[in-house]
Amino acid sequence: MPGRHTRAGRWVESLLQSDVNRLWSELHRVVSSHPLVRASRSAGLLVEEGATSAYTDLTQELFVQLLTKSRFQHYLDTGMTDAEIECEIGQIELTNLLTAELRKRHPESYRLARRISTLIQSSSNFRRFDSNGYSAENHRRLADRVYGLSEWPENKPGRGSHELETRAHMIPVRQRDTRMVGCTGDAQIVITNSDLEDLIISVLDAVDSPVDVRTLRSLVMSRLPVMDIYLVPLGGDESDSESSRFDPPDLGENPEQVLLRNESEREAAGSVDRFLKGLRSNVRGKVKQYNRMLGVLWHCYLSPDHATQLEVASALGVSDSLVSDYRRRIEQELRALAFREVEEARLFELALRERVRNLVPVSDEEEVTA
């Protein structure tokens with residue numbers, strides 16, 4: 001495949017000349033064309049960024065990571081070629097960075113996707129439908145491989161994506177298993193492996209068609225109560241269906257509904273108090289650091305303006321790495337809340353947005369939008 005080598009960037013020359021701008025441009029090119037990055041964005045896993053800003057922020061993180069690990073110097077010391085450098089950056093460094101980011105921001109989705117992939121490859125109930133033993137097919141990316149039930153004939157016909165979704169949605173959403181697992185005991189099971197395998201079988205039975213792994217994971221996870229606590233502005237995504245948006249109670253509610261709503265709002269306010277108290281404890285009660293963390297919370301998660309991480313760092317007058325550190329701490333405190341229902345998380349988001357809005361200075365434009 002000589003064409004691949006000719007497309008490699010001029011890494012060695014840029015490193016020898018310490019041409020930071022060209023290095024950054026080459027990294028941005030690698031990030032923009034990386035299949036895992038593009039797949040993550042199309043799957044909605046980079047939802048907090050704009051069309052190109054996701055690539056820009058990821059490029060910046062990759063650049064900082066390579067500098068921190070002294071990889072650029074290593075490439076020169078070991079005499080690596082342009083093609084070898086590009087291969088290592090794209091296939092190792094960027095892949096590791098992205099998977100770590102997905103695991104951090106979408107822990108349940110990431111973990112369940114991995115479990116689904118493992119089960120369909122290891123269980124005798126499933127088999128591939130797109131392989132005849134040729135080497136090219138064996139090396140096809142996992143997400144593009146086609147799987148179905150082992151009992152199906154080889155010539156089982158496929159179906160369109162709309163019909164697949166319609167059939168899969170006839171399966172009821174499973175109950176959430178709230179038992180805590182993991183080495184630190186801070187993750188919920190959601191669903192056991194045996195029940196997850198039964199759910200995959202049920203989905204394939206319902207769609208009655210072999211499905212590629214990417215689609216199969218999406219269909220199976222749509223039948224699970226996945227709650228990656230990731231805050232986005234209410235109504236910020238116009239592609240959401242009306243039923244998924246938060247609807248304020250109407251004026252015709254009865255006394256029972258009023259009582260339930262007041263109780264839910266009190267619980268949400270209590271969760272906000274605990275969350276903010278956790279943030280303050282995280283910075284040991286230091287006012288300056290706490291105010292900065294509130295600024296990161298507002299601009300990165302709650303503000304209707306979709307600012308990139310670099311823009312947030314510039315607005316707050318801090319480094320990009322500090323914003324990343326504060327985001328990590330914020331998400332750690334969010335996961336500690338362990339909401340059981342999606343509605344709890346939405347009420348919490350609404351209450352938190354109003355509270356933080358009163359604590360952080362916002363522009364006139366944001367006031368109007370909010």
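Helices (H or I, at least four residues) and strands (E, at least two) are DSSP runs, numbered from the N terminus, and the expected span of a helix is 1.5 Å times one less than its number of residues. The model is predicted, so that local features need pLDDT of at least 70 and side-chain atom pairs count only at pLDDT 80 or more, while totals for chains, interfaces and linings use all residues. Residues are numbered from 1 along each chain as its sequence is written, and side-chain values use heavy atoms, with hydrogens and water left out.

Helix α8 covers residues 107-122, and its 16 residues should span 22 Å, which agrees with the 23 Å between its end C-alpha atoms. Among the residues of α8 that are buried (under 20% relative accessible area, with exposed over 50% and partly exposed in between; 1.4 Å probe, protein chains only) are Tyr 110, Leu 112, Ile 116 and Ile 120.

The largest nonpolar core, a set of buried Ala, Val, Leu, Ile, Met, Phe, Trp, Tyr and Cys residues joined through side-chain atoms within 4.5 Å, has 30 residues, and Ile 200, Leu 204 and Val 220 have the most contacts inside it. Two or more residues of this core come from each of α8, β2 (146-149), α10 (161-168), α11 (193-207) and α12 (213-221), with α11 giving the largest share, eight residues. Leaving aside residues up to four places away in sequence, Val 220 touches Ile 116, Leu 196, Leu 199, Ile 200 and Val 203, where contact means heavy atoms within 4.5 Å. A second, separate core of 26 residues includes Leu 279, Val 323, Phe 348 and Val 356.
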